[in-house]
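Dear colleague,

Here is the structure I promised to pass on to you. Please keep it open while you read the notes that follow it.

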Amino acid sequence: MGITKNLYLNKAGYLVWYAALLWFSYLMLLITLQYVPMRTDVAFLRIKEDVVGMLHYRIAFFAHVYTGMFVLLTGMLQFPTYIRCNFPTFHRWCGRVYAYFIIIVTGPAGLIMGIYGNGGWVSRSAFCILAVLWVIFTYKGVTAAINRNITVHRIWMYRSYALTLSAISLRLWKWVIVLLLQPRPMDVYHVVSWLGWVGNLLIVELYIYYNINKRKASINAMSLTKV
């Protein structure tokens, strides 16, 4: 009875998690649509007059924003067990779209944007480190999959998607901090530029430790007792 209850709770938790991801992805889509077709007079770009005139910045910005939605959605489809088991070809192609966009387009474009980020060196260093780690984590996930090391592949992809979700968590943290503390705008930006992705990474490292590494250790221990 307790096992059945835990299964229902786990399923309910997954449903809530994916429902929240879909909702926030929808909100991100609404933000992205503001920049179609390549508008520079709306939303975030209205406070980037000092750099929006640079061609390489505009290319990086629109490449990052337009591909970011595909990264967010294809990454989300990588994790459900039902999709992995029943639609392996779909899983692989979504993974390719996710990984190659990050490695070739979205990540490098994010690095260029980070160099020109608001908030001085504090925020710029946060965004640049985020972009570099995003590419590295995703690349390691791809190479692990090519080498058929599925456990390592999953671990790196968890880390990669944690950084992908910084687009959402940064905005959530900004909303919470402003609501509760009402600090100066630039102070908020300094905090969320780091907290938006470091917080996600800490959470996913805890998940990896308790749900993957410990499970693997338990399986290995059981195997040794049978020998």
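I begin with the salt bridge partners, where Glu205 is partly exposed at a relative accessible area of 30%, while Arg159 counts as buried at 16% (buried means under 20% relative accessible area, exposed over 50%, and partly exposed in between, with a 1.4 Å probe and protein chains only). Please bear in mind that this is a predicted model, in which local features need pLDDT of at least 70 and side-chain atom pairs count only at pLDDT 80 or more, whereas totals for chains, interfaces and linings use all residues. Residues are numbered from 1 along each chain as its sequence is written, and side-chain values use heavy atoms, with hydrogens and water left out.

A search of the whole structure finds 1 salt bridge (a side-chain nitrogen of Lys or Arg within 4 Å of a carboxyl oxygen of Asp or Glu), and it joins the side chains of Glu205 and Arg159 at 2.6 Å, N to O. This pair links distant parts of the chain, since Glu205 belongs to helix α8 (residues 185-226) and Arg159 to helix α6 (residues 150-164), 46 residues apart; helices here are DSSP runs of H or I with at least four residues, numbered from the N terminus.

The loop between α1 (2-33) and α2 (55-76) holds Pro37, and the peptide bond leading to Pro37 from Val36 is cis, with omega near 0 degrees. Met38 lies in the loop between α1 and α2 and has a positive phi of about 50 degrees although it is not a glycine; Met38 counts as exposed, at 54% relative accessibility.

Arg148, found in the loop between α5 (120-146) and α6, is not a glycine either, yet has a positive phi of about 65 degrees, and it is exposed, with a relative accessible area of 70%.

With best wishes

Definitions and conventions. Helices (H or I, at least four residues) and strands (E, at least two) are DSSP runs, numbered from the N terminus.
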